[in-house]
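Trainee: Before I rely on labels such as buried, contact or pocket, I would like to see each of them set against its criterion. Could we go through the model in that way?

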Amino acid sequence: MTLADVLNGAVDYLTARGVDSPRVDAELILARALGLQRIELYTQHDRPLTDAERAEARGLVRRRGTREPLAYVLGDWDFRRLTLKTDTRALVPRPETEIVVERCLKLLQGTAEPRIVDVGTGTGAIGLALKHERPDAHVTATDCSADALSLAKENAHANGLDVELVVTDLLDGLAGPFDLVVSNPPYVRADEMEALAPELAHEPVEALLDRGQTERLIETARFGWLVLEIHEMRAVEIAGRLGAAGYEDVTVSKDLAGRDRIVEGRWIP
Ligand SMILES: C[S@@+](CC[C@H](N)C(=O)[O-])C[C@H]1O[C@@H](n2cnc3c(N)ncnc32)[C@H](O)[C@@H]1O
């Protein structure tokens with residue numbers, strides 16, 4: 001079988017299993033399995049594959065066919081300028097979260113050596129990207145999941161970034177003050193869990209399930225800026241909560257798809 005035969009077979013297989021973007025996924029998986037650039041799948045399309053190459057590709061394509069997230073199948077994922085290791089210990093970083101980092105960088109303009117906390121860091125995405133793009137920052141990243149933090153630690157090490165990692169509930173035990181607290185807390189309600197895409201069933205439930213973390217954080221993060229990624233349907237409510245809790249300059253920002261996804265406010269003591 002040639003590379004093109006295997007690629008087309010993988011596209012048909014993933015299509016039949018309801019994968020959203022079967023060709024892109026098949027290309028990325030095959031390129032990874034064969035150690036090629038995506039373009040080389042086409043420049044080498046008529047090259048026969050060895051048994052070992054086919055077995056490697058088949059194993060990864062089958063995993064994606066079970067609707068395991070592409071990022072877990074590939075084992076890494078790009079987030080802003082970093083490549084992060086991704087596996088079932090933590091949520092796959094989403095593109096909209098890159099905009100959260102953008103907002104934080106904007107709010108921190110003019111603050112030298114800012115003290116930042118990323119609450120619920122998962123892979124480390126937000127905290128590590130902030131440290132990477134603001135090397136003068138002191139970044140602390142927390143998570144209630146020791147598994148998630150072990151992955152964040154591997155990502156910090158692999159990217160040569162010095163951040164403090166703490167297993168705790170939200171901000172418990174952290175000594176402020178901080179210039180900015182940022183979080184992408186879980187925001188799927190219990191009654192919404194079953195209707196989620198099959199890929200989300202592979203991600204840790206504590207990364208998804210809303211247990212009131214957003215409301216608790218608004219009550220406890222009374223330092224500098226608070227930047228929250230939120231469910232698009234809750235922007236007005238969360239902005240109202242920030243205002244009622246005494247935060248000033250409350251602003252809602254949109255993601256690249258035009259959805260209200262970020263709420264920020266400033267605590268002035
Ligand atoms: C939606 S995920 C976000 C992960 C990462 N920040 C990102 O944006 O990709 C939420 C994270 O919050 C963590 N988490 C949930 N409840 C928490 C709590 N009470 N205290 C600290 N972390 C919590 C989860 O373990 C998970 O890693």
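What follows is a conversation in which labels are traced back to values and definitions.

Mentor: This is a predicted model, in which local features need pLDDT of at least 70, side-chain atom pairs count only at pLDDT 80 or more, and totals for chains, interfaces and linings use all residues. Residues are numbered from 1 along each chain as its sequence is written, and side-chain values use heavy atoms, with hydrogens and water left out.

Trainee: Why is S145 called buried?

Mentor: Buried means under 20% relative accessible area, exposed over 50%, and partly exposed in between, with a 1.4 Å probe and protein chains only. S145 has 9% relative accessibility, and therefore counts as buried.

Trainee: What places S145 in a loop?

Mentor: Helices (H or I, at least four residues) and strands (E, at least two) are DSSP runs, numbered from the N terminus. S145 is in the loop between β4 (138-143) and α8 (146-158).

Trainee: Which backbone nitrogen lies 2.9 Å from a polar atom of the side chain of S145, and which residues are in contact with S145 beyond its neighbours within four places in sequence?

Mentor: The nitrogen is that of A148. A polar contact is a pair of N or O atoms within 3.5 Å; within protein, one must be able to donate a hydrogen and the other to accept it, and residues adjacent in sequence count only if both atoms are side-chain atoms. Contact means heavy atoms within 4.5 Å, and with those neighbours left aside, S145 is in contact with R89 and E206.

Trainee: Why is E229 called buried, and which side chains make polar contacts with the side chain of E229?

Mentor: The relative accessible area of E229 is 1%, so E229 is buried. E229 is in strand β7 (residues 225-229), where its side chain makes a polar contact of 3.0 Å with the side chain of Y187 and another of 3.3 Å with that of R261. Leaving aside neighbours within four places in sequence, E229 is in contact with E96, T97, V100, S183, N184, P185, Y187 and R261.

Trainee: In which pocket does the ligand sit?

Mentor: The ligand sits in the second largest pocket. On a 1 Å grid over the protein atoms alone, a pocket is an open set of points with protein on both sides within 12 Å along at least five of seven lines, and a molecule sits in one if more than half of its atoms lie within 2 Å of its grid points.

Trainee: Which residues come nearest to the ligand, and which of its polar distances can be named?

Mentor: Of the 19 residues around the ligand, G120, D143, D169, L170 and N184 come nearest, a residue being near if one of its heavy atoms lies within 4 Å. A nitrogen atom of the ligand is 2.7 Å from an N or O atom in the side chain of D169, a nitrogen is 3.2 Å from such an atom in the side chain of Q213, and a nitrogen is 3.4 Å from a polar backbone atom of T121. Taken alone the ligand exposes 590 Å², of which the protein buries 95%, with areas taken from the Shrake-Rupley method with a 1.4 Å probe. The elements that give two or more residues to the shell around the ligand are α9 (205-208) and α10 (213-220).

Trainee: Which residues of α10 are buried, and what covers them?

Mentor: The buried residues of α10 are Q213, T214, E215, L217 and I218, and their cover includes β3 (115-119), β6 (180-183), β7 and α11 (235-245).

Trainee: What makes D20 exposed and R67 buried?

Mentor: D20 has a relative accessible area of 74% and is therefore exposed, whereas R67, at 14%, counts as buried. D20 and R67 are 47 residues apart in sequence and 9.9 Å apart in space, C-alpha to C-alpha. R67 lies in the loop between α4 (51-65) and α5 (70-74).

Trainee: Which residues other than glycine have a positive phi, and which peptide bond is cis?

Mentor: Among them are R67, with phi near 75°, and E113, with phi of about 45°. E113, at 51% relative accessibility, counts as exposed. The peptide bond from G176 to P177 is cis, with omega near 0°, and P177 is found in the loop between β5 (164-167) and β6.

Definitions and conventions:
On a 1 Å grid over the protein atoms alone, a cavity is a set of points where a 1.4 Å probe fits but cannot get out, and a pocket is an open set with protein on both sides within 12 Å along at least five of seven lines; lining residues have an atom within 4 Å of a point.
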